[in-house]
Amino acid sequence: MPLHILLILVVGGIAGIALALHLLGLSRATPFTSQTAQEAWHRAHPDDAVKAITVTTDGRAARITTDQGPGVLWQMGADSCARRLTGSETLTRAGDTSTLHLNDYAAPKVRLTLTPQEHSAWQDWMAHT
């Protein structure tokens, strides 16, 4: 089989699978609940005892207080990402988007959709933990 035909078949097959998954709704991330946020946190930090969880209104992020200190959990595609806060993080707001600036080269900033009340609550929480 000629290479250009094989290339078309491979690219078309991958695109078809991606489209089918999207149309079936399998590419959508499920919003966090307190329970699913705790489970996601424990996948990354299994030895932490979770003391408090606050999930955002849109369900795409959560702030976590553990016996090891505060942390943030957010959705990244169909998976989640959990980071402990060290105290040097900042939270800024521009329009409807809040940006959490982390002291982490792997995830230097995270864009969050927070209501103005949530933004203020997150800033207070970050300042007092």
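In which element is the place of Trp41? Trp41 sits in helix 2, and the paragraphs below come back to this residue after an outline of the chain.

The model is predicted, so local features need pLDDT of at least 70 and side-chain atom pairs count only at pLDDT 80 or more, while totals for chains, interfaces and linings use all residues. Residues are numbered from 1 along each chain as its sequence is written, and side-chain values use heavy atoms, with hydrogens and water left out.

The protein chain has three helices and seven strands. Helices (H or I, at least four residues) and strands (E, at least two) are DSSP runs, numbered from the N terminus. Read from the N terminus, the order of the elements is α-α-β-β-β-β-β-β-β-α. The protein chain is more spread out than a compact globule, because its radius of gyration is 19 Å, well over the 14 Å that the globule rule gives for 129 residues. The radius of gyration is taken over C-alpha atoms, and the globule rule is 2.2 Å times the number of residues to the power 0.38. Along the principal axes, the C-alpha atoms fill a box of roughly 65 × 35 × 30 Å.

Next come the surface and the contacts of the chain. Of the 129 residues, 33% count as buried; buried means under 20% relative accessible area, exposed over 50%, and partly exposed in between (1.4 Å probe, protein chains only). The protein chain exposes about 8,200 Å², and carbon and sulfur atoms supply 59% of this area. Accessible areas come from the Shrake-Rupley method with a 1.4 Å probe; for residues, only the protein chains shown count as cover. Among contacts in the protein chain with a separation of 6 or more, 38% are accounted for by residues 24 or more positions apart, where contact means heavy atoms within 4.5 Å.

Back to helix 2, which covers residues 34-44. Trp41 counts as buried because its relative accessibility is 0%. Leaving aside neighbours within four places in sequence, Trp41 is in contact with ten residues' worth of partners that include Asp48, Val50, Ile64, Leu73 and Arg84. Trp41 and Arg60, 19 residues apart in sequence, are 13 Å apart in space, C-alpha to C-alpha. Ala44 is also found in helix 2, and with a relative accessible area of 42% Ala44 is partly exposed. From Ala44 to Arg83 the C-alpha distance is 8.5 Å, with their positions 39 residues apart in sequence.

Thr33 has its place in the loop between helix 1 (3-23) and helix 2. Thr33 counts as partly exposed, at 41% relative accessibility. Thr33 and Ala61 are 28 residues apart in sequence, and their C-alpha atoms are 9.6 Å apart in space.

Trp74 belongs to strand 3 (residues 69-76). At 7% relative accessibility, Trp74 counts as buried. The C-alpha atoms of Trp74 and Arg60 are separated by 5.8 Å, the two residues being 14 apart along the chain. Beyond neighbours within four places in sequence, the contacts of Trp74 include Phe32, Arg60, Ala61, Cys81, Leu102 and Val110.

The last element to visit is helix 3 (residues 116-128), where Trp122 and Trp125 lie three residues apart, about one turn of the helix. Both Trp122 and Trp125 are buried. The two form an edge-to-face aromatic pair, 6.2 Å centre to centre with 65° between the planes. Rings of Phe, Tyr and Trp (its six-membered ring) pair if their centres lie within 6.5 Å; planes under 30 degrees apart count as stacked, over 60 as edge-to-face and the rest as tilted.
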